[in-house]
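Grab a pencil and work through a few short exercises. Each one sets a task and then walks through the solution.

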Amino acid sequence: MVRNPLTPEERERGERLGRLLREARGPRSMVEIAAVAGLSAETLRKIETGRAPTPAFFTVAALAGALGLSMDEIAVNCAPVPA
């Protein structure tokens, strides 16, 4: 299966998601949050740095729960910017 390249908008949305998660994590370690969310620290690292800009819904939901964020907060902060 060949994946289409990401659009600039998708990359930007992924970067906003990464920033939001990093800010919500605060001083807690990636390992701690990843363990609570049931993910690997490497997966969290890739999402936070924008190298995985389109994580699965359930991954985002697990991270939201581990960080005390609502899915509404994530949606508002990561919504596409109108052109």
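## Exercise 1: Ala24 and its surroundings

Ala24 has its place in helix H1, which covers residues 8-25. Before going on, note that this is a predicted model, in which local features need pLDDT of at least 70, side-chain atom pairs count only at pLDDT 80 or more, and totals for chains, interfaces and linings use all residues. Residues are numbered from 1 along each chain as its sequence is written, and side-chain values use heavy atoms, with hydrogens and water left out.

Task: work out how exposed Ala24 is and which residues Ala24 is in contact with.

Step 1. Look at the relative accessible area: for Ala24 it is 22%, so Ala24 is partly exposed. (Buried means under 20%, exposed over 50%, and partly exposed in between, with a 1.4 Å probe and protein chains only.)

Step 2. Now skip the neighbours within four places in sequence: Ala24 is in contact with Leu67 and Leu69. (Contact means heavy atoms within 4.5 Å.)

Step 3. Add a distance. Ala64 is 40 residues along the chain from Ala24, and their C-alpha atoms are separated by 9.1 Å.

## Exercise 2: Arg22 and Ser29

Task: say where Arg22 and Ser29 lie, and how exposed Arg22 and Ser29 are.

Step 1. Arg22 lies in helix H1. Ser29 is in the loop between H1 and helix H2 (30-37). (Helices are DSSP runs of H or I with at least four residues, strands are runs of E with at least two, and both are numbered from the N terminus.)

Step 2. Arg22 has 35% relative accessibility, so it counts as partly exposed. Ser29 has 35% relative accessibility too, and counts as partly exposed.

Step 3. Check what Arg22 touches. Not counting residues up to four places away in sequence, that's Glu48 and Thr49.

Step 4. Finish with two C-alpha distances. Arg22 and Thr54, 32 residues apart along the chain, are separated by 16 Å, while Ser29 and Ala56, 27 residues apart in sequence, are 22 Å apart in space.

## Exercise 3: Ala41

Task: find the helix that holds Ala41, then list the contacts of Ala41 beyond four places in sequence.

Step 1. The helix is H3, residues 41-49.

Step 2. Leaving aside neighbours within four places, Ala41 is in contact with Met30, Val31 and Ala34.

Step 3. Take Val31 from that list: Val31 and Ala41 are 10 residues apart in sequence and 5.1 Å apart, C-alpha to C-alpha.

## Exercise 4: An aromatic pair

Task: how many aromatic pairs does a search of the whole structure find?

Step 1. The search turns up 1 aromatic pair.

Step 2. The ring centres of Phe57 and Phe58 are 5.4 Å apart and the planes are at 85°, so the pair is edge-to-face. (Rings of Phe, Tyr and Trp, with its six-membered ring, pair if their centres lie within 6.5 Å; planes under 30 degrees apart count as stacked, over 60 as edge-to-face and the rest as tilted.)

Step 3. Phe57 and Phe58 are both exposed.

## Exercise 5: The whole chain

Task: describe the chain by its helices and strands, its span and its buried share.

Step 1. Count the elements: 5 helices and 0 strands. Along the sequence, that reads α-α-α-α-α.

Step 2. Take the span of the C-alpha trace along its principal axes: about 35 × 30 × 20 Å.

Step 3. Of the 83 residues in the chain, 33% are buried.

Step 4. Look at contacts between residues at least 6 apart in sequence: 64% of them join residues at least 24 apart.
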